[in-house]
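Subject: Structure handover

Dear colleague,

I am passing on the structure below, and after it you will find an account of what was found. Please read the two side by side.

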Amino acid sequence: MGGVFIRQVFVALLVLVGLGAGRPVMASSELETRFEKANELFGEGAYADAAAAYDALEKMGVDSAVLYYNRGNAEARLGNAGRAVLYYERALARDPYHQNARYNMNAVRDFVARRANRQGRDVDLAMATGPWEVLVERFSDNGAAVLLLVVYVLGIGLILLRPWFRSEWMRAGLAVATSVCLLLSLFMGAVVLTRRARYLMPSAAVIVAEEESVGTVFELPGSKKARFGIEEGARVRIVGSRDGWVKIVDARGRDGWISRANVGII
Amino acid sequence: MRYSGQIIVLCCLIGVAIPMRTAASASEPDISVVFDRDAILAGEAFRLDITVETEGNGEPEIVLPAFEGFEVVDKRVSRPFSGFSMSIQMGTGRQAQRIATQRMTTRYTLVLKGVTPGTFRIGPVVVKQDGRTWKGKVYPVEVFDGGGVTSTGNDADRGTASSEHVAISDADLQGARLDPRYFLHMVPSRRTLYEGDMLILDVYLFTSVGNIQLVRFDKEAGGDGFWVEDFEDFDLRNHRNRAVEIDGTAYEQVLISRKAMFPQKSGRIMISPAQLTFSVGGGGFFIQRGREVSRTAAPVFVDVRELPVDDRPVGFVQGHVGQYSLFMDVSDTEVSVGDPVTVTLSVRGSGNIQRVQLPQIPDITGAKMYSPETDVEMRAAQGKVGGLTQSKQVLIPSEKGDLEIPAISWSWFDPQDASYKTTQTDPVTIRVTEAAVTGGGRSVSTDDTGASDNSGNGAAAGGMASLNASLRTIDDEVVLTMRRSPFFMQPWYVAVLVVCPLAVGFQWTGQWILRRRRRHGGVYRQKNAARKAFRALKHETCGGRTMSQEQFFAVVHRILMVFLEERFSNAFHGATMGEILEQLKTCGVEEGVAEKAVGQLEAYEFARFSRIDEADRERDKHVDQARELIGELDKVVGTTCATRRSGGA
């Protein structure tokens with residue numbers, strides 16, 4: 001009787017895990033070969049071909065920090081500073097601790113800023129963020145989800161274990177550990193909710209060069225009345241969209257409309 | 001390893017207050033340069049107002065440009081607004097940081113005189129504050145020899161505070177909706193003009209009664225077919241009212257609105273009437289509110305002529321009407337490969353500058369051209385509308401040699417001369433040399449943020465080539481993951497989050513039930529004793545036909561004894577039949593029923609050891625008797641024997 005119950009529980013757990021749990025599936029050997037081929041093209045200096053090969057991998061569903069980082073490098077070599085920053089940002093969104101991506105992104109932004117300064121323009125390319133935003137960006141989507149699950153299940157497990165602890169000091173220790181776990185669960189829950197909102201409604205974007213009118217933010221979608229210029233590689237926040245236009249807010253809080261083709265969502 | 005950094009962040013949060021280190025830094029200053037006229041004649045003095053609004057920690061350092069080609073006749077500095085500061089205390093103890101932000105407005109009023117005719121550049125104004133440097137715009141200024149372009153408008157002095165109003169004539173009052181007490185009337189500066197040219201529309205209120213207060217414009221003058229601009233410096237208080245007489249009635253004429261209007265189509269166009277609401281008869285000792293009166297002006301019609309078709313230049317853009325000048329400026333004429341060069345095209349003058357489209361610089365072989373960035377500064381003041389539109393286009397030479405930016409021509413229609421005019425910039429040659437060796441560019445940062453150095457040897461100094469040399473190379477590690485929803489979007493994740501509290505809920509519910517049963521266990525047993533006994537009789541004696549007689553009666557005896565113990569919460573096992581009888585009586589069982597129970601127990605006891613086998617039908621009869629007895633005993637009102645005994649005592 002007991003054996004049957006345990007087997008049923010085990011099968012149920014397997015079904016739950018089968019619904020989507022577990023680490024991301026590793027790429028097949030074909031994808032790895034394509035990735036290595038793209039890296040070889042980069043090494044040979046064929047940056048456009050390498051960028052196309054990375055793009056093909058992205059279209060095949062590969063979603064990896066290393067892929068975006070390499071793609072960013074190819075775009076930088078091609079002189080597309082805006083697109084390079086976009087892919088570095090994407091790499092950092094997948095892996096916030098990718099040091100090389102952060103370094104290269106800062107270098108490209110620095111380059112764009114210096115170029116603008118030499119032309120008499122002072123620019124803010126990075127979006128100013130509050131402490132909470134900085135903290136949330138330190139977690140990846142899955143990293144935050146896993147940490148929440150760990151502290152949450154641990155806290156619940158400690159609550160369930162309480163009846164088995166009889167001595168007073170052990171119960172006190174258990175209460176402290178449970179409180180810490182539940183407080184961390186609250187914190188991680190807030191992080192996960194923030195990241196979930198960003199996932200469902202992505203608003204962080206980067207200005208990229210696609211059209212002739214790049215860098216000009218207009219009064220109204222499609223109007224000729226320019227409001228201000230914006231550099232490629234600048235991080236912006238999308239707050240609206242209409243007919244191929246998006247309304248953006250830049251680092252200085254200025255807002256306006258720009259063609260959708262000139263904005264890359266992180 | 002993948003989540004190690006995140007785990008460290010999480011751990012750092014435990015019991016650690018995060019010091020908030022926020023540095024206050026200067027924000028971009030607002031630099032405004034205003035000329036008092038558009039056309040400058042050689043030898044004529046003109047006024048230049050430079051206003052710099054700064055916000056930051058330290059004192060701003062403002063460096064005015066050298067006014068080459070001009071003689072500085074007078075220079076005055078004023079600070080009409082300064083000293084406002086805001087302080088914020090961040091953190092506690094040693095982490096405490098005081099942030100003070102100071103806003104300051106500095107105004108330079110210069111009187112300059114053009115020395116010789118020609119094109120000169122004024123600017124940029126440089127502002128340094130808190131270690132940062134900003135540069136304003138460069139303004140090209142053309143100084144004409146003698147009879148240059150005169151200011152726009154039929155009455156250029158209309159807008160100044162000291163100027164007199166246009167005299168009211170019968171012609172000006174034509175079409176007015178006269179009213180003996182008050183009426184509204186619109187007066188255009190001209191009734192015939194070219195498409196795209198400017199007219200000034202004044203709206204007057206004529207009143208024969210005093211004590212009138214303006215409330216609101218219900219409807220502004222204008223309508224389809226006009227581009228309307230408000231004058232920035234228009235202020236009712238700057239205009240003196242005028243006493244006039246119309247048809248023997250004395251009125252006070254009050255200028256209440258002045259706008260610049262640019263017709264956008266030809267033909268007879270109506271300027272839709274303004275509607276004004278004002279208060280009459282208010283004030284007094286108790287400041288009572290007056291009666292609100294609304295008046296609408298009569299519409300005004302203007303004849304707008306089409307721009308002449310004859311002699312229209314090729315590439316002329318509709319809307320280029322006014323008096324303009326075109327300038328081209330190049331940031332550097334000698335650069336290295338990869339260095340950016342900014343080509344600035346400017347059109348400055350009087351007219352509807354918002355509608356001016358700057359000419360395009362054609363593609364240049366040997367250089368990558370970036371999209372131009374256009375900026376428009378329009379100013380409507382002192383009875384004139386004009387300004388500057390400027391496009392900055394970056395080109396990056398990709399090979400050494402000479403790059404030539406060809407001459408660029410641009411046309412507009414001058415309504416004063418009623419003719420088209422075309423101007424052309426001079427071609428510019430940019431000498432491009434080999435890229436400078438930068439020696440590796442920036443130093444490599446090893447801190448967490450990978451922040452770049454500020455040594456000035458960074459990527460921008462050597463162009464894109466040195467940037468690429470300084471970038472870290474690609475990652476060969478093959479760690480490819482497929483795109484999929486994050487864990488928190490997957491159903492199993494939500495299920496786990498939901499199930500965990502349910503487990504706690506189940507546990508608490510179970511504990512509560514156990515505690516409750518433990519507390520009220522006797523009552524439960526009493527209430528359920530008969531039902532339990534009936535169930536036992538049904539299930540345990542159903543195999544009576546296969547059981548031996550001893551087994552059958554032993555089962556029935558046991559069921560009856562268990563029922564008695566549970567129903568009366570008393571231990572009957574081991575007691576004699578006499579003791580059982582007494583105890584049942586004590587528990588409130590009627591004597592007859594008690595004796596019947598004891599009798600049946602004795603009968604079962606006896607039947608267990610009897611050698612006479614009873615038929616199956618007899619066994620069923622015993623079961624029915626036992627059920628009947630249990631039913632009778634269950635009807636006994638009372639609790640436990642122990643309770644009764646204690647109560648009796």
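B:Ala418 is a convenient place to begin, and it sits in the loop between β29 (409–414) and β30 (419–424) of chain B. Please keep in mind throughout that this is a predicted model. Although B:Ala418 is not a glycine, its phi is positive, at about 55 degrees, and with a relative accessibility of 38% the residue counts as partly exposed. Chain A offers another case in A:Asp243, a residue other than glycine whose phi is positive and near 50 degrees. A:Asp243 belongs to the loop between β4 and β5 (245–249) of chain A, and its relative accessible area of 73% makes it exposed. A further point on the backbone concerns the peptide bond between B:Gly123 and B:Pro124, which is cis, with omega at about 0 degrees; B:Pro124 is found in the loop between β7 (118–122) and β8 (126–129) of chain B. As background to these entries, most residues other than glycine have a negative phi, and most peptide bonds are trans.

Next, chain A as a whole. Nine helices and seven strands are assigned in chain A, and of its 266 residues 48% count as buried. Among the contacts in chain A with a separation of 6 or more, 58% come from residues that are 24 or more positions apart. The area that chain A exposes is about 12600 Å², of which carbon and sulfur atoms supply 61%.

The salt bridges deserve a separate paragraph. Side chains of opposite charge can pair when their charged atoms come close, and over all chains the structure holds 40 salt bridges. In chain A, A:Arg235 pairs with A:Glu137, with 3.1 Å between the closest N and O atoms. Because A:Arg235 lies in strand β4 (residues 235–242) and A:Glu137 in helix α7 (residues 131–137) of chain A, this pair ties together parts that are 98 residues apart in sequence. A:Arg235 is buried, at a relative accessible area of 14%, whereas A:Glu137 is partly exposed at 32% relative accessibility.

How is the pair B:Lys259 and B:Glu220 placed in chain B, and how far apart in sequence are the parts that it ties together? The side chains of B:Lys259 and B:Glu220 meet in a salt bridge with an N to O distance of 3.3 Å. B:Lys259 lies in strand β17 (residues 249–263) and B:Glu220 in the loop between β14 (212–219) and β15 (226–230) of chain B, so the pair ties together parts that are 39 residues apart in sequence. B:Lys259 is buried, with 6% relative accessibility, while B:Glu220, at a relative accessible area of 42%, is partly exposed.

In the salt bridge between B:Asp197 and B:Arg190, the closest N and O atoms are 2.6 Å apart. B:Asp197 counts as buried at 7% relative accessibility, and B:Arg190 is buried with a relative accessible area of 18%. In chain A, a network of salt bridges links A:Asp55, A:Glu58, A:Lys59, A:Arg71, A:Glu75, A:Arg83 and A:Arg90.

Finally, the surface patches. A patch of negative charge on the surface is formed by A:Glu36, A:Glu40, A:Glu44 and B:Asp476. B:Asp476 is located in the loop between α2 (463–470) and α3 of chain B, and at 53% relative accessibility it counts as exposed. Positive charge gathers in a surface patch made up of B:Arg515, B:Arg516, B:Arg518 and B:Arg519; B:Arg516 lies in helix α3 (residues 491–519) of chain B and counts as partly exposed, at 37% relative accessibility. Helix α3 of chain B also holds B:Val499, which is one of the residues in a nonpolar surface patch of about 470 Å², together with B:Val494, B:Val498, B:Leu502 and B:Phe506. B:Val499 is partly exposed, with a relative accessible area of 48%.

With best regards

How values were computed
Residues numbered from 1 in each chain as written. Chains lettered and ligands numbered in written order. Predicted model: local features only at pLDDT ≥ 70, side-chain atom pairs only at ≥ 80, totals over all residues. Heavy atoms only, no water. Patch = residues over 30% accessible without salt bridge, like charges linked within 9 Å, V, L, I, M, F, W, Y side chains within 5 Å. Areas by Shrake-Rupley, 256 points an atom, 1.4 Å probe, with all protein chains shown as cover. Salt bridge = Lys/Arg side-chain N within 4 Å of Asp/Glu carboxyl O. Lys, Arg positive; Asp, Glu negative; His and termini not counted. Charge placed at Lys NZ, Arg CZ, Asp CG, Glu CD. Helix = DSSP H or I, 4+ residues; strand = E, 2+ residues; numbered from the N terminus. Buried < 20%, exposed > 50% of the residue type's maximum accessible area, 1.4 Å probe, protein only. Contact = heavy atoms within 4.5 Å.
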